[in-house]
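Open the model in a viewer and keep the selection panel at hand. The stops below each name what to select and what is there.

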Amino acid sequence: MDKIKSLIIDFAQYQTDYLRPIPNIVTSDTLWNDNILQMNVQWNYTLEINYDKLSQVKEVIQKSCTTEISDEEQRLLFDYLSNEKDLLKNCGFTCQRLPIIIEKNKEIAHFLLIQICNLDGFEEFLEVFIQTDVTQNTLELFAQLFGELKLPQEYITQYINYCIDFCNNIKEKQQQNKLVRFVSVFIQQMLKQKAFITKDILTDLQAFCIEFSKVGEVSKLFKLLKGQDPAAQ
């Protein structure tokens, strides 16, 4: 052990020489890029959104998809969206949310549809009615919209046909009869207001009345159809 300690080791003789290639010498002058990105930030004063109000409106609309909102929340929504169109465009009301809001808060759905009726894309919201479930709320809301907006006759005819098909496809008898009554009352209302041309769907209406003749409201609809002036049809 003492002999090992007495050894003097020269570590220099164990060093490795690394080959380092000679770099190319650049003789040309270096061109520096002096272009500096200049940002001129300007505020868009045409976008006048009160983000405090917007967050409150979004919260109420989100809540309206899950539960019935309070009278205070409804007044807040009506007040803000009636007076500020920029809030309306950014409030989070979408076609996907419309069916849920109709069932949870029909008056909110009615208010929002009336507010956006003159905006681009309103037709997409109307298309929701012929894609979603037919319920008492959707029928009542459609009737309200007809009374306030100028809905095309072709669209009304299409919706009535959709309601008839929807009733025919319900498997559960009690649920089917209940909806048939609602649809019958709705069609009678549309007939009395001459919302569509009867002859365009007379065959479908007659088939509907025959299929559900045992339902009281359907009998009334059938009598109303028979009493229509042929010239007016």
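Begin at the surface: select D120, E123, E124 and E127, which gather in a patch of negative charge. This is a predicted model. Within the patch, D120 sits in the loop between α6 (106–115) and α7 (122–128). Is D120 buried or exposed? D120 is exposed, its relative accessible area being 83%.

Now show the whole chain as a cartoon. The chain has 12 helices and zero strands, so no sheet representation is needed. Of the 233 residues in the chain, 36% are buried.

Next, turn to the salt bridges, of which the structure holds five. Select K53 and E84, whose side chains meet in a salt bridge with an N to O distance of 2.7 Å. Since K53 belongs to helix α2 (residues 51–64) and E84 to the loop between α3 (71–83) and α4 (85–89), the pair ties together parts that are 31 residues apart in sequence. K53 counts as partly exposed, at 22% relative accessibility.

Move on to K106 and E140. These two form a salt bridge in which the closest N and O atoms are 3.6 Å apart. K106 is in helix α6 and E140 in helix α8 (residues 136–148), so this pair ties together parts that are 34 residues apart in sequence. The two partners can be coloured by accessibility: K106 is buried, with a relative accessible area of 16%, whereas E140 is partly exposed at 34%. Add E107 to the selection, and a network of salt bridges linking K106, E107 and E140 is in view.

Then go to helix α12 (residues 216–226) and select E217 and K220. Their side chains meet in a salt bridge (3.6 Å, N to O). E217 and K220 are three residues apart in α12, which means that about one helical turn separates them. E217 counts as partly exposed at 22% relative accessibility; K220 is also partly exposed, with a relative accessible area of 49%.

For the last stop, select helix α11 (residues 202–211) and look down its axis. Which residues of α11 are buried? They are L205, F208 and C209. These residues lie on the same side of α11, because they cover an arc of only 95 degrees around the axis. Rotate to the other side of α11 to find T203, I210 and E211, which are exposed.

How values were computed:
Residues are numbered from 1 along each chain as its sequence is written. This is a predicted model: local features need pLDDT of at least 70, side-chain atom pairs count only at pLDDT 80 or more; totals for chains, interfaces and linings use all residues. Side-chain values use heavy atoms; hydrogens and water are left out. Patches are made of residues with over 30% relative accessible area and no salt bridge: like charges are joined within 9 Å, nonpolar side chains (Val, Leu, Ile, Met, Phe, Trp, Tyr) within 5 Å. Accessible areas come from the Shrake-Rupley method with a 1.4 Å probe; for residues, only the protein chains shown count as cover. A salt bridge is a side-chain nitrogen of Lys or Arg within 4 Å of a carboxyl oxygen of Asp or Glu. Lys and Arg count as positive and Asp and Glu as negative; His and the chain ends are not counted. The place of a charge is taken as NZ of Lys, CZ of Arg, CG of Asp or CD of Glu. Helices (H or I, at least four residues) and strands (E, at least two) are DSSP runs, numbered from the N terminus. Buried means under 20% relative accessible area, exposed over 50%, partly exposed in between (1.4 Å probe, protein chains only). The arc is that of the directions from the helix axis to the C-beta atoms.
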